[in-house]
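This report describes selected features of one protein chain and the ligand placed with it. The sequence and the structure are shown first, and the discussion follows.

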Amino acid sequence: LIPDPTNENATILLMGLRRSGKSSICKVVFHKLQPLDTLYLESTSKPTTENFRSLINLSVIELPGQLNFFEPTYDHEKLFKSIGALVYIIDSQDEYLNALTNLSMIISYIYKVNPKINVEVLIHKIDGLSEDFRLDTQRDIMQRVGDELLDLGLEGLQVSFYLTSIFDHSIYEAFSRIIQKLIYELPALENLLDLLVQYNKFEKLFLFDVNSKIYVATDSSPVDIQTYEACAEFIDVTIDLDGLYGDVKDSDESKGNPTKCISRLQNGSVLYLHQMIRGLALVGLVRLDNTDQFSMEFKNALSLIDFNVNVFKKSLEDMWKNSRL
Ligand code: GDP
């Protein structure tokens with residue numbers, strides 16, 4: 001599961017002008033800081049790196065906006081050669097023309113040293129914009145970036161856009177999609193998840209990185225934000241109940257019994273969580289017909305799910321082992 005055979009880490013580079021929200025995003029997604037507490041964050045003044053180990057080893061490097069691009073002390077070329085994705089953050093609540101100029105300068109430079117890079121643009125802080133204005137802003141930014149790429153002769157470069165805010169789940173959704181692009185085995189994983197869904201009446205299944213709540217894979221049915229939220233929140237509940245957080249942080253493979261947890265929702269669906277390898281957990285919503293959770297039928301259905309999920313876990317272990325060879 002290593003995207004670049006010469007490099008152990010898949011690296012994501014976070015860039016954007018000063019105050020665009022880079023530090024806030026890192027702190028909220030990777031350090032569980034409450035979004036409101038980011039108001040008092042110091043602006044980034046030197047490059048910082050977050051390493052986190054999920055299905056792949058990931059580094060997220062945050063570069064301050066005011067950093068001089070061609071400063072000789074900082075080896076940009078080497079850095080840019082090694083990264084999988086450039087995540088550029090635009091503050092949508094501010095005048096963004098300067099940001100767009102900065103972005104196209106970075107793209108034209110980066111493209112020369114690393115033409116395979118994924119360019120991901122976060123149109124950020126959209127919580128402050130009305131529904132209509134969000135779409136207008138997105139359209140305007142996409143249009144301008146497109147024109148700019150055309151001028152630079154880079155119309156072949158793939159650039160993706162996401163509307164994000166740290167005040168809701170959109171930032172996790174964006175990071176999930178960005179990270180998924182860096183996982184080579186994604187199609188195989190999605191196939192396995194589809195099989196699990198099919199055989200066990202799951203409505204939706206996510207393979208989550210427990211610490212960040214980024215999902216590294218999901219089955220092929222569309223992601224509905226409410227289901228995502230229910231599953232992500234279930235991780236928190238389980239962590240509180242079970243110390244799952246400590247477990248996944250400390251051990252490579254789960255020691256002893258893996259954490260499993262179920263919870264019945266009012267509408268009859270059941271939330272299901274099962275700890276996997278490398279800080280990952282499989283979390284899903286499953287519909288079990290028999291509503292009495294003490295009945296034999298319910299228990300049998302659950303055992304079958306556990307059995308299949310253990311098979312999935314075994315495949316995950318094999319995938320991981322083989323990818324390391
Ligand atoms: P950096 O200089 O790019 O690292 O930017 P910071 O992370 O310091 O963020 C600058 C300001 O933007 C802070 O006051 C944050 O609270 C605010 N901010 C970050 N993300 C969001 C967001 O999604 N919505 C809103 N409304 N404010 C945000």
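Is Lys201 buried, exposed or partly exposed, judged by the other C-beta atoms within 10 Å? The model is a predicted one. In it, 14 other C-beta atoms lie within 10 Å of Lys201, and the residue is therefore partly exposed, since burial requires 20 or more such atoms and exposure 12 or fewer.

**Three lysines**

Lys201 sits in the loop between helix H6 (186-200) and strand E7 (202-209). Its phi is near 60°, a positive value in a residue other than glycine. Most residues other than glycine have a negative phi. Lys125 likewise is not a glycine and has a positive phi, of about 65°. This second lysine lies in the loop between strand E5 (118-124) and H4. Because 22 other C-beta atoms are found within 10 Å of Lys125, that residue is buried.

Lys112, by contrast, belongs to a helix, H3. With 10 C-beta neighbours inside 10 Å, Lys112 counts as exposed. Along the sequence, Lys112 is 31 residues from Lys81, and the C-alpha atoms of the two are 9.4 Å apart in space. The table sets the three lysines side by side.

| Residue | Location | C-beta atoms within 10 Å | Class |
|---|---|---|---|
| Lys112 | helix H3 | 10 | exposed |
| Lys125 | loop between strand E5 (118-124) and H4 | 22 | buried |
| Lys201 | loop between helix H6 (186-200) and strand E7 (202-209) | 14 | partly exposed |

**The chain as a whole**

The protein chain contains 9 helices and 11 strands. Of its 325 residues, 36% are buried. When contacts between residues at least 6 apart in sequence are considered, 71% of them join residues at least 24 apart.

**Surroundings of the ligand**

The ligand is surrounded by 20 residues, of which Gly21, Lys22, Ser23, Ser24 and Lys125 are the closest. Lys125, one of these, is also the buried loop residue with positive phi described above. By class, the shell comprises 11 polar, 5 charged and 4 nonpolar residues. Helix H1 (residues 22-31) makes the greatest contribution to this shell, with 3 residues.

**Helix packing**

Two packed helices are described by the angle between their axes and the distance between the axes. H1, which contributes to the ligand shell, also packs with helix H5 (residues 170-180), at an angle of about 85° and with the axes 11 Å apart. H1 is therefore roughly perpendicular to H5. On the H1 side the contact is formed by Ile25, Val28 and Val29, and on the H5 side by Ile171, Tyr172 and Phe175. Its composition by class is 6 nonpolar residues, with no polar and no charged ones.

The second pair consists of helix H3 (residues 97-113), whose axis comes within 10 Å of that of helix H4 (residues 131-152), the two crossing at roughly 40°. H3 and H4 are therefore oblique to each other. The crossing in which H3 passes H4 is right-handed. H3 supplies Leu100, Leu103, Ser104 and Ser108 to the contact, while H4 supplies Arg144, Val145, Glu148 and Leu152. By class, the contact of H3 with H4 has 4 nonpolar, 2 polar and 2 charged residues, whereas the contact of H1 with H5 has no polar and no charged residues.

How values were computed. Residues numbered from 1 in each chain as written. Predicted model: local features only at pLDDT ≥ 70, side-chain atom pairs only at ≥ 80, totals over all residues. Axes fitted to C-alpha atoms, helices over the stretch in contact; angles between N-to-C directions. Helix = DSSP H or I, 4+ residues; strand = E, 2+ residues; numbered from the N terminus. Parallel < 35°, antiparallel > 145°, perpendicular 65-115°, else oblique. Left-handed = near helix turned anticlockwise from the far one by under 90°. Contact = placed C-beta atoms within 7 Å. Nonpolar A, V, L, I, M, F, W, Y, C, P; charged D, E, K, R; others polar. Near = placed C-beta within 6 Å.
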